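User: Could you take a close look at the aromatic cluster in this one and walk me through what sits around it? A connected answer would be great.

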Amino acid sequence: MNHITAFPALAIVIAAYLLLAAGGGMMLDGDAYSMTLMSGTEMTLRGEDFFVIAGLVALFFEMLKLAFGARISTLHHILAIVTFIIASNCFVLLGDAGTPSFLMLVIMSLIVVLANGMTPLRNAKALTP
C-alpha cells in the first residue's frame with residue numbers, strides 16, 4: 001500500500017496531458033466549456049485549462065501527503081524528482097508540450113519536489129531541543 005501512495009498524483013495528470021497532446025491535441029485546443037457570468041462576461045474554458053485544474057487538485061493531494069505523513073519516503077521523493085525531470089524535458093523538447101498550461105504543470109511538479117525536500121528539514125528541526 002505504501003508504494004501506491006508514493007506515486008505522485010501529478011504524474012498521472014502530466015501523462016494524460018502528453019497522451020492527448022500526442023494524439024493531435026484537438027481536445028486540448030478546443031473550447032470545452034463556456035458560460036456567461038453575472039457581469040455579462042463570457043468565460044470559456046479550453047481543454048488545457050481542465051488539466052491545470054486537475055494539476056492543482058493533484059498538488060493539493062501531494063501537500064496533504066506531506067502534511068499528514070510522518071515522514072516522506074525516499075521512493076516518493078525519487079518519483080517526484082523523476083516526474084519533474086521528465087516533465088521539464090518534455091516542455092523543452094516536445095512541440096506539443098510547449099504550452100503555458102504544460103509549463104504550469106511543470107511548475108507544480110517543481111513545487112512538489114521542493115516541498116518533499118523541505119519536509120525532512122522541518123521534521124529534523126522539530127526533533128532538536
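Analyst: Y17, F51 and F102 come together in one aromatic cluster. This is a predicted model, so to speak of local features pLDDT has to be at least 70, side-chain atom pairs count only at pLDDT 80 or more, and totals for chains, interfaces and linings use all residues. Numbering runs from 1 along each chain as its sequence is written, and side-chain values use heavy atoms, with hydrogens and water left out.

Back to the rings. The structure has 3 aromatic pairs, where a pair means rings of Phe, Tyr or Trp (its six-membered ring) with centres within 6.5 Å; planes under 30 degrees apart are stacked, over 60 edge-to-face, and the rest tilted. Y17 and F102 make a tilted pair, with 5.1 Å from centre to centre and 40° between the planes. Y17 belongs to helix 2 (residues 9-22) and F102 to helix 6 (residues 100-127), so this pair ties together parts that lie 85 residues apart in sequence. Helices here are DSSP runs of H or I with at least four residues, strands are E runs of at least two, and both are numbered from the N terminus. Y17 and F102 are both buried, which means under 20% relative accessible area; exposed is over 50%, and partly exposed is in between (1.4 Å probe, protein chains only).

The cluster's other ring, F51, takes us to helix 4. F51 is among the buried residues of that helix, along with G47, E48, V52, G55, A58, L59, E62 and L66. Looking down the axis of helix 4, these buried residues fall within an arc of 140°, so they line one face; the arc is taken from the directions from the helix axis to the C-beta atoms. On the face turned away from that buried side you'll find the exposed A67 and F68. Helix 4 covers residues 47-68, and its 22 residues should span 32 Å at 1.5 Å a residue, which agrees with the 32 Å between its end C-alpha atoms. The expected span is 1.5 Å times one less than the number of residues.

Helix 4 also holds a salt bridge: the side chains of K65 and E62 meet at 3.2 Å, N to O. The whole structure has 1 such bridge, defined as a side-chain nitrogen of Lys or Arg within 4 Å of a carboxyl oxygen of Asp or Glu. K65 and E62 are 3 residues apart in helix 4, about one helical turn. E62 is buried at 1% relative accessibility, whereas K65 is partly exposed, with a relative accessible area of 25%.

At the start of helix 4, G47 has a neighbour in G30, which sits in the loop between helix 3 (26-29) and strand 1 (31-36). G30 touches R46 and G47, leaving aside residues up to four places away in sequence; a contact means heavy atoms within 4.5 Å. G30 and R46 are 16 residues apart in sequence, yet their C-alpha atoms are 5.7 Å apart. G30 itself is partly exposed, at 27% relative accessible area.

Zooming out, the chain has 6 helices and 2 strands, in the order α-α-α-β-β-α-α-α. Of its 129 residues, 32% are buried. Among contacts with a separation of 6 or more, 65% join residues 24 or more positions apart.
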